[in-house]
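Me: I am a first-year student, and I would like a close look at a single part of this protein. Could you take me through one strand and its surroundings, in connected prose?

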Amino acid sequence: MSSLLIVYHSRTGGSRKMAEAAYDAAKGETQAVLKEASQAGPEDVLAASGYIFCAPENLATVSGIMKDFFDRCYYPVLGQIEGRAYAQMICAGSDGQGAVRQIARIAQGWRLNEVQPAIILCTHAQTPEAILAPKVLSNDQLAPCRDLGQALGAGLSMGVF
């Protein structure tokens, strides 16, 4: 049976809400697992058929706890997950491109198959207060996350990926 692993990190709630939206939609299509990055490990990566990586962009790069997930998992699964489907979602205050590039390079090293371009949800948070404030995301903002979860879950279930 196919399964989708959604790994996320969030300090202010934005990335968590994005990951939860994808998860809620995916679980109607395939077995889906939602894990906070600090709790996910190589065994979770190996058990999944596909992945969504969701994190905030901090200082033009992926958040430290999400990077820690990749650091802990990279070598233990290297050579064992080639060709599996992945996508990524980034919650950013500005452009999000630094985090997207970093995750894409890690996924390339794993030889994963990107099934759609990254979703970047821009909050336009530019002051310390706005950056650190809890994020409130609308249903319209979360719609692409739900669509991704549903599509990737269905694709895995049908054997498309």
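Reply: Before turning to the strand, we can settle the cysteines: in this predicted model, the count of disulfides comes to zero. The sulfur of cysteine 73 is 16 Å from the closest cysteine sulfur, which belongs to cysteine 54, and that is too far for a bond. Cysteine 145 is in no disulfide either, although the nearest cysteine sulfur, again that of cysteine 54, is 6.6 Å away, and a disulfide needs two sulfur atoms within 2.5 Å. Cysteine 73 counts as buried at 0% relative accessibility, and cysteine 145 is likewise buried, with a relative accessible area of 0%.

The part to look at closely is strand E3, which covers residues 50-58. How many of the nine residues of E3 are buried? Eight of them are, so that the strand is mostly covered, where buried means a relative accessible area under 20%.

Now consider the strands that pair with E3. Strand E1 (residues 3-8) runs parallel to E3 and is joined to it over five bridges, and here leucine 5 has tyrosine 51 of E3 as its bridge partner. Strand E5 (residues 85-92) also pairs with E3 in the parallel sense, over seven bridges, with glycine 50 matched to alanine 85 in E5. Strand E4 (residues 61-62), by contrast, runs antiparallel to E3 and is joined to it by two bridges, and in this pairing glutamate 57 stands opposite valine 62 of E4. E3 and E4 form a hairpin with two residues between the strands, and in that hairpin leucine 59 takes a positive phi near 55°.

As you follow the side chains along the strand, it helps to remember that in a regular strand they alternate between the two faces of the sheet.

One of these side chains leads us to a helix. Phenylalanine 53 forms an aromatic pair with phenylalanine 70, with 5.1 Å from centre to centre and 70° between the planes, which makes the pair edge-to-face. Because phenylalanine 53 lies in E3 and phenylalanine 70 in helix H3 (residues 64-77), the pair ties together parts that are 17 residues apart in sequence. Both of these phenylalanines are buried. Tyrosine 74 and tyrosine 75 form another edge-to-face pair, at 5.0 Å centre to centre and with 85° between the planes, and tyrosine 75 counts as exposed at 64% relative accessibility. The structure has nine aromatic pairs by count, and ring pairs link Tyr51, Phe53, Phe69, Phe70, Tyr74, Tyr75, Tyr86 and Trp110 into a cluster. Tyrosine 51, which we met as the bridge partner of leucine 5, is thus seen again as a member of this cluster.

Helix H3 also holds a charged pair. Aspartate 71 forms a salt bridge with lysine 67, and the closest N and O atoms are 2.5 Å apart. Being four residues apart in H3, these two are separated by about one helical turn. Aspartate 71 is partly exposed, with a relative accessible area of 47%, and lysine 67 also counts as partly exposed, at 29%.

Conventions. Residues are numbered from 1 along each chain as its sequence is written. This is a predicted model: local features need pLDDT of at least 70, side-chain atom pairs count only at pLDDT 80 or more; totals for chains, interfaces and linings use all residues. Side-chain values use heavy atoms; hydrogens and water are left out. Buried means under 20% relative accessible area, exposed over 50%, partly exposed in between (1.4 Å probe, protein chains only). Rings of Phe, Tyr and Trp (its six-membered ring) pair if their centres lie within 6.5 Å; planes under 30 degrees apart count as stacked, over 60 as edge-to-face and the rest as tilted. Two strands pair if DSSP finds at least two bridges between them. A salt bridge is a side-chain nitrogen of Lys or Arg within 4 Å of a carboxyl oxygen of Asp or Glu.
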